[in-house]
Amino acid sequence: MIPLKTFYHVAQSHFSPEWCDKVIDSIEKSNDYETHERYTSFRSSEVIFFQNDDSTEWIYEPCYDLLDDVKAKYWRTFKLGNLNRLQYTIYNSPGGKYNWHTDTGQPRTGMNARLLTVAIQLTDSSDYSGGEF
């Protein structure tokens with residue numbers, strides 16, 4: 001059994017502000033990404049999924065590096081596989097939200113059980129209110 005303290009890990013300042021800004025800029029300046037709207041009583045956001053290819057390798061590689069570091073520290077026997085595409089979520093104000101939930105996957109829809117979730121805060125937290133985990 002995994003001790004409670006290892007259910008999550010905060011990698012403070014793992015991604016530079018410049019890298020975060022570059023990710024945001026690449027989304028805002030590109031028309032290559034398809035946006036999916038998610039508006040329910042539970043969630044109000046827009047979602048964009050990144051393909052893992054040569055054009056997005058600069059986004060994926062630092063994320064994989066972080067996963068490898070955390071896995072080595074806490075979950076040495078945990079095998080990473082079947083990684084989902086990266087998801088970029090926009091919470092517009094007013095009303096953008098994603099209520100408290102757990103990421104478990106949706107087996108009934110063909111999505112495998114989700115064992116590990118990574119959330120990367122791209123926007124400076126002083127630029128908005130809310131967003132607590």
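Visitor: How many helices and strands does the chain have?

Guide: The chain has 2 helices and 4 strands, and I should say at the outset that this is a predicted model, with every value computed from its atoms.

Visitor: What pattern does the chain follow along the sequence?

Guide: Reading along the sequence, you meet the elements as α-β-β-α-β-β. The helix α1 covers 17-28, the strand β2 covers 43-50 and the helix α2 covers 57-74, while β3 runs over 86-90 and β4 over 97-98.

Visitor: And what share of the residues count as buried?

Guide: The chain has 133 residues, of which 19% count as buried.

Visitor: Switching to cysteines: how many disulfides turn up in the whole structure?

Guide: A search of the whole structure gives 0 disulfides.

Visitor: Why is there no bond for C20?

Guide: The closest cysteine sulfur to that of C20 belongs to C63 and lies 9.6 Å away, which is too far for a bond, given that a disulfide needs the two sulfur atoms within 2.5 Å. Seen from the other side, C63 is likewise in no disulfide, with the sulfur of C20 as its nearest cysteine sulfur at 9.6 Å.

Visitor: Are those two buried or exposed?

Guide: C20 has a relative accessible area of 5% and is therefore buried, and C63, with a relative accessible area of 9%, is buried as well; the cut-off for buried is under 20%.

Visitor: Where is C20, and what is its C-alpha distance to I120?

Guide: C20 sits in helix α1, and its C-alpha is 8.9 Å from that of I120, although the two residues are 100 apart in sequence. Helix α1 also holds E18, whose C-alpha is 9.8 Å from that of L122, a residue 104 positions away in sequence.

Visitor: Is E18 buried or exposed?

Guide: E18 is exposed, because its relative accessible area is 57% and the exposed class begins over 50%.

Visitor: What about A119, where is that?

Guide: A119 belongs to the segment after β4, and it counts as exposed at 52% relative accessibility. Its C-alpha is separated by 9.6 Å from that of V10, with their positions 109 residues apart along the chain.

Visitor: Which residues make up the nonpolar patch on the surface?

Guide: The nonpolar patch is formed by F42, Y91 and Y98, which together have about 270 Å² of accessible area. Of these, Y91 is in the loop between β3 and β4, and its relative accessible area of 42% makes it partly exposed.

Visitor: And which residues form the negative patch?

Guide: The negative surface patch consists of D53, D54, E57, E61, D65, D68 and D69. One of its members, D54, lies in the loop between β2 and α2, where D54 is exposed with a relative accessible area of 71%.

Visitor: Last topic, backbone angles: what is the phi of S13?

Guide: S13 has a positive phi of about 60°, although it is not a glycine. For context, most residues other than glycine have a negative phi.

Visitor: Where does S13 lie, and is it buried or exposed?

Guide: S13 lies in the segment before α1, and S13 counts as exposed because its relative accessibility is 66%.

Note on methods
Residues are numbered from 1 along each chain as its sequence is written. This is a predicted model: local features need pLDDT of at least 70, side-chain atom pairs count only at pLDDT 80 or more; totals for chains, interfaces and linings use all residues. Side-chain values use heavy atoms; hydrogens and water are left out. Buried means under 20% relative accessible area, exposed over 50%, partly exposed in between (1.4 Å probe, protein chains only). Patches are made of residues with over 30% relative accessible area and no salt bridge: like charges are joined within 9 Å, nonpolar side chains (Val, Leu, Ile, Met, Phe, Trp, Tyr) within 5 Å. Accessible areas come from the Shrake-Rupley method with a 1.4 Å probe; for residues, only the protein chains shown count as cover. A salt bridge is a side-chain nitrogen of Lys or Arg within 4 Å of a carboxyl oxygen of Asp or Glu. Lys and Arg count as positive and Asp and Glu as negative; His and the chain ends are not counted. The place of a charge is taken as NZ of Lys, CZ of Arg, CG of Asp or CD of Glu.
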